[in-house]
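Q: I would like a close look at one part of this model. Please take me through the empty space inside it, and then through what surrounds that space.

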Amino acid sequence: MSTVLITGATSGLGRYVAFEPVRAGHRVLAHCRDRARTERLVEELRAEGEAEGYVADLSRLAEVREPGAKVAAARPDPDVLINNAGVGVGAPGSGRATSADGHELMRAVNYPAPVVLTRALLPVLRANAPTRIVNVGSEGQEHVDFADPEFTRGYDGVPAYCRGKFALAAFTFTPAEELAGSGVAVNVLHPATFMDTAMVRDSGFSPRTSVADGAPGVPTLATGEAGSGGYYDGTRPARAHEAAYAPRVRQRLAAVTERLLVGWNRAG
């Protein structure tokens, strides 16, 4: 039996994907920020198999670490981490929002939160190899402005979202290289364009695809058969933003990330 941790599991792609491993006889650890919704989902999942719930607000650094620590203590045998939780661009015309820790909200949840959770779980993932980390990204990617990583000037929700997804892709390639030969595979994918989810609808976009269209790529990467260090469009190997592969860009991103996490630590 595999153990699969999925963040953002109570709606959209996360909810759809959560049922597949349970139905296949695996254990699912379902994360959401809302306790009542998490409990309802776990009840549904347990009607078909084995599941547990973990509640955390991924915009708060202290709470990001909490599910990682709890999983590592209670379930030292995770096989798959799916970093799926995310924040969309918001309603048309909405302005820049900040997290409880004072950081630009989309950036906080869509990029450094997966970094922190991955780091928290990496020791047990390495110990339990072969294991997989699947980062749910987007084909919408825009180079991070290192002079203004918090997007304090000329803010717009769409590029803010794209910058976070660029950072997530670039981050993916770094641990994939560092973990080569360890048995831990790390990949990132764009599941599908404008899936019919609350995130897409709330952002004012018309859905073009269903969640079912976007779902197959996640289990494809979760099996470990795809290798490591790849970017996928659904189930097909593809290319991320070219700058995401550049060592100098990834080094600068790592430095900015460390400064952010130090400040996040002080705020939390």
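How many nonpolar, polar and charged residues are in the lining of the largest cavity?

A: The lining of the largest cavity has seven nonpolar, one polar and three charged residues. Keep in mind that this is a predicted model.

Start with the search itself. Rolling a probe the size of a water molecule over the atoms shows where empty space is left. Across the whole structure, two cavities of 30 Å³ or more turn up. The largest has a volume of about 90 Å³.

Now look at its walls. The charged residues in the lining are Glu104, Arg107 and Arg163. Gly164 is the polar one. The nonpolar ones are Tyr111, Val144, Pro149, Phe151, Ala160, Ala167 and Leu253. Helix H6, residues 157-178, supplies the largest share of this lining, with four residues.

Compare the second largest cavity. Its space is about 40 Å³. The lining divides into six nonpolar and three polar residues, with no charged ones. Thr7, Asn83 and Asn84 are the polar residues here. Leu58, Ala85, Val109, Ala113, Pro114 and Leu117 also line this cavity. Helix H5, residues 112-127, gives the most to this lining, with three residues.

Next, the filled parts. The largest nonpolar core has 27 residues, and Ile6, Leu13, Leu45 and Ile82 touch the most other members. Several elements give two or more residues to this core, including strand S1 (3-6), helix H1 (12-23) and helix H2 (35-46). H1 gives the most, with five residues. Zoom in on Leu45. Leaving aside neighbours within four places in sequence, Leu45 is in contact with Ala18, Phe19, Val22, Val28, Ala30 and Ala51. Another core lies apart from the largest one. That core has 23 residues, among them Val116, Ile133, Val186 and Leu261.

Last, the charged pairs. The structure holds 13 salt bridges. In one of them, the side chains of Arg27 and Glu50 meet at 2.8 Å, N to O. Arg27 lies in strand S2 and Glu50 in strand S3, so the pair ties together parts that are 23 residues apart in sequence. Arg27 is buried, with a relative accessible area of 9%. Glu50 is partly exposed, at 29%.

Another salt bridge links Asp57 and Arg60, with the closest N and O atoms 3.7 Å apart. Arg60 is partly exposed, with a relative accessible area of 36%. Through shared partners, salt bridges join Asp57, Arg60 and Glu63 into one network.

Terms used: Residues numbered from 1 in each chain as written. Predicted model: local features only at pLDDT ≥ 70, side-chain atom pairs only at ≥ 80, totals over all residues. Heavy atoms only, no water. Core = buried A, V, L, I, M, F, W, Y, C linked by side-chain atoms within 4.5 Å. Buried < 20%, exposed > 50% of the residue type's maximum accessible area, 1.4 Å probe, protein only. Contact = heavy atoms within 4.5 Å. Salt bridge = Lys/Arg side-chain N within 4 Å of Asp/Glu carboxyl O. 1 Å grid on protein atoms, 1.4 Å probe; cavity = no way out; pocket = protein on both sides within 12 Å on 5 of 7 lines; lining within 4 Å. Points joined across faces, edges and corners; volume = space filled by probe spheres on them.
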